[in-house]
Structures are given as structure tokens and as C-alpha cells.
Amino acid sequence: MGFENRDYARTDDDSYSMRGSRMSIIGWIIMINVIVFIIQCIWTRPVGHVDLPEGFPEEVAEYLSEMREPVLDEWLSLDRRVITHGQIWRLTTYDFLHSRDSIWHIVFNMYLLYLTGRKLLDVYTEKEFLIFYLVSGVISGMVYLVWGWITHDPRPAIGASGAVSAVLVSYAMKWPHDRWYFFYVIPVTAIWLAAITAILDVYPMLLDPERD
């Protein structure tokens, strides 16, 4: 995505020095997410025994049992089965995990957070922004848990998409007519960008409750 050469996109010395301290909270959030992602990629363990329906080739079971999973995912993901037993910290920690299957999961989330978050720091303090970000993640997690309970889907969730989407919506509500560019070519206003992002986040959940 690209965006217009507005004041908040400029890198002249005056603008940069004025925004330097206010950018720090976003930088910290991005840095923590990147560090956690690296740990996810490095610190793994075998999946172990996998129960498959009858008829599956033994080779498939052996292949799956040799797969590795991040240790942090087991400890920190949004897992309804353990949250109901008191591990409520997962309502926040899942927000800092990302899928290892595609680097674009974390790249897109952090890129969008950077572009929209720094503009919101024109109207929010760093403390207010951090609280908003964390609370948005908790609310998104609670919505996911309720949906999982309704659809009987026990699988855990990871990712900052809920919190980042909340930041995008807040940005779009304040500057609805700011124009962004898909692939640096297709113009779209911020309000429509927020709507499209929300649809992309929600549609797969409605389409296939048994998704990963």
C-alpha cells in the first residue's frame, strides 16, 4: 500500500524531530512483536502424536508427527480451553504472536500499525494509545472466544489483527477522506480501507468456523 505525501508522511528534519519521541510507543510494540516472532521461529518442539481418522496413510501421520510447533504458541495463544481455567493473560499475549506459515502476517500488521498509529499520536498520548491498543486486543480476543463457543471451535488464535484493525478504524473515523493506494496505483479512502480490512478479517470466520 502507498499513501499520499501528506505532512505525516514527510521525513524532513523538523517533522522527524517533532515526532521522534511520540513514535516510540509504536516502535516498542513493533519491536516486541518482531522479537516474539523470531523466538517463535527458533524455539520449537515436535508436534508429537497426531490422531487421524481411519483410512489415512501412516506416512501422513508420521509426517505430521515430525512437524514442529512454537513453544510460545502453547503458552500464550488465545486458547478457550485454558482461559476458562484461569489463564486470562492469554487475552493479551496472543496479540503479540503471529503465524510462521507466512511472513506477511506480521509484516502487514506491523506496516499498517506504523502507518495509522503514528497519525493517531497527533491526538493521543503514548499512554492513551497503548491502553487503546491493548484493550482493543482484549476485546477482539473475547469476541473470538464467544464465536468459538457458538461454533464449537476450540482451536486457539494468534495475531495482532484485532488490535491493529481497531487502530485502523479509529484512524479512519478521524480522517475518513485520507487517500491510500493499493499497490501504489488504486486509490481508496481511509474509511473504505477500514471497511475492506474488517470484511477480510471477519469473512473467513463466517465462511469456515473450522479454520485455523
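**Entry 1: H2 against H8**

I began where Ser 24, Ile 25, Ile 26, Ile 29 and Asn 33 of H2 meet Glu 126, Phe 129, Leu 130 and Tyr 133 of H8. Sorted by class, the residues of this contact are six nonpolar, two polar and one charged. I then looked up the geometry. The two axes, of H2 and H8, cross at roughly 40° and come within 9 Å. I note here that I am reading a predicted model.

**Entry 2: the chain as a whole**

I stepped back for an overview. The chain holds ten helices and five strands. It has 212 residues, and 35% of them are buried. How do the contacts spread along the sequence? I took contacts between residues at least 6 apart in sequence, and 71% of these join residues at least 24 apart.

**Entry 3: two neighbours in H2**

I went back to H2, which spans residues 24-42. I picked Val 36 and Phe 37.

Val 36 sits in helix H2. Is Val 36 buried or exposed? Its relative accessible area is 15%, and the cut-off for buried is under 20%, so Val 36 counts as buried. Setting aside residues up to four places away in sequence, I find Val 36 touching Leu 72, Phe 96 and Leu 97. I also checked Val 36 against His 98. They are 62 residues apart in sequence, yet their C-alpha atoms are 8.5 Å apart in space.

Phe 37 is in helix H2 as well. Its relative accessibility is 10%, so Phe 37 is buried by that cut-off. Which residues does Phe 37 contact beyond its neighbours within four places in sequence? I list His 98, Ser 99, Arg 100, Ile 103 and Ile 106. Phe 37 and Pro 70 are 33 residues apart in sequence and 9.5 Å apart in space, C-alpha to C-alpha.

**Entry 4: H7 against H9**

Next I looked up another helix pair. H7 covers residues 104-120 and H9 covers residues 161-174. They pack at an angle of about 35°, and their axes are 9 Å apart. The crossing of H7 past H9 is left-handed. On the H7 side, the contact uses His 105, Asn 109, Leu 112, Leu 113, Thr 116, Gly 117, Lys 119 and Leu 120. On the H9 side I noted Ser 161, Val 164, Val 167, Leu 168, Ser 170, Tyr 171 and Lys 174. By class, this contact has seven nonpolar, six polar and two charged residues.

I stayed in H9 for one more residue. Ser 165 is placed in this helix. At 16% relative accessible area, Ser 165 is buried. What does Ser 165 touch, not counting residues up to four places away in sequence? I find Thr 197 and Asp 201.

**Entry 5: aromatic pairs**

I searched the whole structure for aromatic pairs and got four. I looked at two of them.

Tyr 124 and Phe 132 make a stacked pair. Their centres are 6.3 Å apart, with 25° between the planes. Why is this pair called stacked? Planes under 30 degrees apart count as stacked, so the 25° of Tyr 124 and Phe 132 qualifies. I checked accessibility next. Tyr 124 is partly exposed, at a relative accessible area of 25%. Phe 132 is partly exposed too, at 26%.

Tyr 171 and Trp 180 form an edge-to-face pair. I read 5.8 Å centre to centre and 80° between the planes. Planes over 60 degrees apart count as edge-to-face, so the 80° of Tyr 171 and Trp 180 fits. Are these two residues buried or exposed? Tyr 171 is buried, at 0% relative accessibility. Trp 180 is buried, at 2%.

Tyr 171 and Trp 180 join Trp 175 in one aromatic cluster. I checked Trp 175 for a charge. Lys 119 lies over the face of Trp 175, at 4.1 Å from the ring centre. I had already met Lys 119 and Tyr 171 in the contact of H7 with H9.

**Entry 6: an unusual phi**

Last, I looked up His 152. Where does His 152 sit? It is in the loop between helix H8 (126-151) and H9. Phi of His 152 is near 60°, which is a positive value in a residue other than glycine. His 152 has 64% relative accessibility, and exposed is over 50%, so His 152 counts as exposed.

Definitions and conventions
Residues numbered from 1 in each chain as written. Predicted model: local features only at pLDDT ≥ 70, side-chain atom pairs only at ≥ 80, totals over all residues. Heavy atoms only, no water. Axes fitted to C-alpha atoms, helices over the stretch in contact; angles between N-to-C directions. Helix = DSSP H or I, 4+ residues; strand = E, 2+ residues; numbered from the N terminus. Left-handed = near helix turned anticlockwise from the far one by under 90°. Contact = heavy atoms within 4.5 Å. Nonpolar A, V, L, I, M, F, W, Y, C, P; charged D, E, K, R; others polar. Phe/Tyr/Trp six-rings, centres within 6.5 Å; stacked < 30°, edge-to-face > 60°. Buried < 20%, exposed > 50% of the residue type's maximum accessible area, 1.4 Å probe, protein only. Lys NZ or Arg CZ within 6 Å of the ring centre and 35° of its normal.
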